Amino acid sequence: ITANPAGLGAGTYNGSITVTPQAGSTPQSIPVTLTVSAAPVVPQLTLSQTALTIDHVSGGLAAPASRFVNVGATTGILSFSASSNATWLSVTASGPQTPATLEISANPGRLAVGTYNGVITVTPQSGSTPQTIQVALNLTAAPALPRLTISPAAVAFDYQLGGPALPARTVNVGATSGALSVNATSNATWLSVTSSSAQTPAVLN
């Protein structure tokens, strides 16, 4: 007697085998029970986030702040490894088993302004499915720093010995944007300067 459970769902199935004699004796019945159980649930990795965006100003002195993702399992404890597919993207796990935390860091280095995409793959050592974290790095250009504007850009005095004192010349000092603090000094004993304000716009006399 064999049983073929193909196509059957989980549950209990009842059947019978009837043995019938060729003579006039009574047939005999053999009850058969087939119990089909559900397949065991394979524990899966869980991630607190599956997508990250890192914004950074290109050429900034400080590296972008790290991001953190928690790794768990639907049941039990899973051993896993984590890897990156991009040279600018790195990942470090707090431990080799769940629960654990991934520290994900970006190092833009000399990357040009633009958007870069990378993937962190978290692979379990059991037969469960690997999980991925999509990482986007947005590099923006540093804002232009305000600059001083000076008009006129040069001043010339003409003096004849014995003549009257020279009148003061004025120079307007501004900024390309916003207000800038200014401090005007002279490098010569015969030359002096005063400013109408400690920040732009100001007038030098």
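**Note on the predicted model: surface patch, pocket and three residues**

1. L166 has a relative accessible area of 38%, so it is classed as partly exposed. This is a predicted model. L166 sits in the loop that runs between β11 (148-151) and β12 (171-175).

2. L166 also belongs to a nonpolar patch on the surface, of about 790 Å². The other members of this patch are V155, F157, Y159, L161, W190 and L191. Patch membership requires over 30% relative accessible area, and L166, at 38%, therefore passes that cut-off.

3. The largest pocket holds about 690 Å³ of space. Its lining is made up of 29 residues. Nearest the pocket centre are V171, L191, S192, V193 and N205. L191 is thus named both in the nonpolar patch and among the residues nearest the centre of the largest pocket. Strands β11 and β12 each contribute at least two residues to the lining of the largest pocket.

4. H56 is part of strand β4, which spans residues 51-57. Its relative accessible area is 13%, and H56 is therefore buried, the limit being under 20%. Leaving aside residues up to four places away in sequence, H56 touches A62, A63, P64, P108, N138, L139 and T140.

5. N107 lies in the loop between β8 (100-106) and β9 (114-124). With 53% relative accessibility, N107 counts as exposed, because the class begins over 50%. Along the chain, N107 and T87 are 20 residues apart, and their C-alpha atoms are separated by 8.4 Å.

Conventions. Residues are numbered from 1 along each chain as its sequence is written. This is a predicted model: local features need pLDDT of at least 70, side-chain atom pairs count only at pLDDT 80 or more; totals for chains, interfaces and linings use all residues. Side-chain values use heavy atoms; hydrogens and water are left out. Patches are made of residues with over 30% relative accessible area and no salt bridge: like charges are joined within 9 Å, nonpolar side chains (Val, Leu, Ile, Met, Phe, Trp, Tyr) within 5 Å. Accessible areas come from the Shrake-Rupley method with a 1.4 Å probe; for residues, only the protein chains shown count as cover. A salt bridge is a side-chain nitrogen of Lys or Arg within 4 Å of a carboxyl oxygen of Asp or Glu. Helices (H or I, at least four residues) and strands (E, at least two) are DSSP runs, numbered from the N terminus. Buried means under 20% relative accessible area, exposed over 50%, partly exposed in between (1.4 Å probe, protein chains only). Contact means heavy atoms within 4.5 Å. On a 1 Å grid over the protein atoms alone, a cavity is a set of points where a 1.4 Å probe fits but cannot get out, and a pocket is an open set with protein on both sides within 12 Å along at least five of seven lines; lining residues have an atom within 4 Å of a point. Grid points are joined across faces, edges and corners, and a volume is the space filled by probe spheres set on the points.
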